[in-house]
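This report walks through one structure for a reader who is new to the subject. Please keep the sequence and the 3D view at hand while reading.

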Amino acid sequence: MPPIHISDAEQRVLAALWGAPPLTLGEVACRLPGEGWNVKTVKTLLSRLVEKGAVHEEASGSRHRYSALLRRDEVANDRIEGLIARFFDNRPEEMLAFFCRTKKITRQQAQELLAMLEEGTQ
């Protein structure tokens, strides 16, 4: 199955659902106070996520409840692969080098990163 592409706004709605029991539209909106979105906007985003197969919608009386079908790591992987493709010519080593140069990592962080790379390539 091809990856489901999630927009920034859709990702924020998914984040409100991750680790939560199924939520109503109002409950999802309450978990997004810093976004400045009205309930209609949240409903639109939820509808898109349902259409994409990223969110499950369940009728519960007159209300609907929503739960995430995609895990955080699945969304993160897709977003990171997109970042690598757009900015680093599909070369993850270029992205890693960029972060090492621009984020001024410490020697300890560099050693931890090297250990993770060693572990991930075996």
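What follows covers the sheet, the helices that pack on it, a pair of helices, and several single residues.

The model is predicted.

**The sheet**

An open sheet is formed by 3 strands in the order 1-3-2, and their pairing is antiparallel. Strand 1 (23-24) and strand 2 (55-60) are the edge strands, each of which pairs on one side only. Between strand 2 and strand 3 (residues 63-68) the antiparallel pairing runs over 6 bridges. These two strands, strand 2 and strand 3, make a hairpin with 2 residues between them. Gly61 sits in the turn and has a positive phi of about 70 degrees.

Two of the pairings can be followed residue by residue. Glu57 has Tyr66 in strand 3 as its bridge partner, and His56 stands opposite Ser67 in strand 3.

Two helices pack on this sheet. Helix 1 (residues 8-17) touches strand 1, strand 2 and strand 3, and the direction of helix 1 makes about 95 degrees with that of strand 3. Helix 3 (residues 39-52) touches strand 2 and strand 3; the direction of helix 3 makes about 110 degrees with that of strand 2.

**A residue in strand 2 and a residue in helix 1**

His56 is located in strand 2. Is His56 buried, exposed or partly exposed? Its relative accessible area is 36%, so His56 counts as partly exposed, since that class lies between the limits of 20% and 50%. Apart from neighbours within four places in sequence, His56 is in contact with Arg65, Tyr66, Ser67 and Leu69. The C-alpha atoms of His56 and Ile84 are separated by 29 Å, and the two residues are 28 apart along the chain.

Glu10 belongs to helix 1. Why does Glu10 count as buried? The reason is that its relative accessibility is 2%, and buried means under 20%. The side chain of Glu10 reaches the backbone nitrogen of Ser7 at 2.9 Å. Leaving aside neighbours within four places in sequence, the contacts of Glu10 are His5, Leu45, Arg48, Leu49 and Lys52.

**Helix 4 against helix 5**

Helix 4 (residues 72-88) packs with helix 5 (residues 92-102) at an angle of about 85 degrees, and their axes are 9 Å apart. The two helices, helix 4 and helix 5, are therefore roughly perpendicular to each other, because angles of 65 to 115 degrees are counted that way. On the side of helix 4 the contact is made by Ile80, Leu83, Ile84 and Phe88. Helix 5 contributes Pro92, Glu94, Met95 and Phe98. What kinds of residue make up the contact of helix 4 with helix 5? They divide into 7 nonpolar, no polar and 1 charged.

**Two loop residues with positive phi**

Asn90 has a positive phi although it is not a glycine. Lys104, also a residue other than glycine, has a positive phi value. The table lists both.

| Residue | Phi | Place | Relative accessible area |
|---|---|---|---|
| Asn90 | about 60 degrees | loop between helix 4 and helix 5 | 57% |
| Lys104 | near 50 degrees | loop between helix 5 and helix 6 (107-120) | 65% |

With a relative accessible area of 57%, Asn90 is exposed. Lys104 is exposed as well, at 65%. The cut-off for exposed is over 50%.

Terms used: Residues are numbered from 1 along each chain as its sequence is written. This is a predicted model: local features need pLDDT of at least 70, side-chain atom pairs count only at pLDDT 80 or more; totals for chains, interfaces and linings use all residues. Side-chain values use heavy atoms; hydrogens and water are left out. Two strands pair if DSSP finds at least two bridges between them. Helices (H or I, at least four residues) and strands (E, at least two) are DSSP runs, numbered from the N terminus. Contact means heavy atoms within 4.5 Å. Axes are lines fitted to C-alpha atoms, for helices over the stretch in contact, and angles run from 0 to 180 degrees between N-to-C directions. Buried means under 20% relative accessible area, exposed over 50%, partly exposed in between (1.4 Å probe, protein chains only). Angles under 35 degrees count as roughly parallel, over 145 as roughly antiparallel, 65 to 115 as roughly perpendicular and the rest as oblique. Ala, Val, Leu, Ile, Met, Phe, Trp, Tyr, Cys and Pro count as nonpolar, Asp, Glu, Lys and Arg as charged, and the others, Gly among them, as polar. A polar contact is a pair of N or O atoms within 3.5 Å; within protein, one must be able to donate a hydrogen and the other to accept it, and residues adjacent in sequence count only if both atoms are side-chain atoms.
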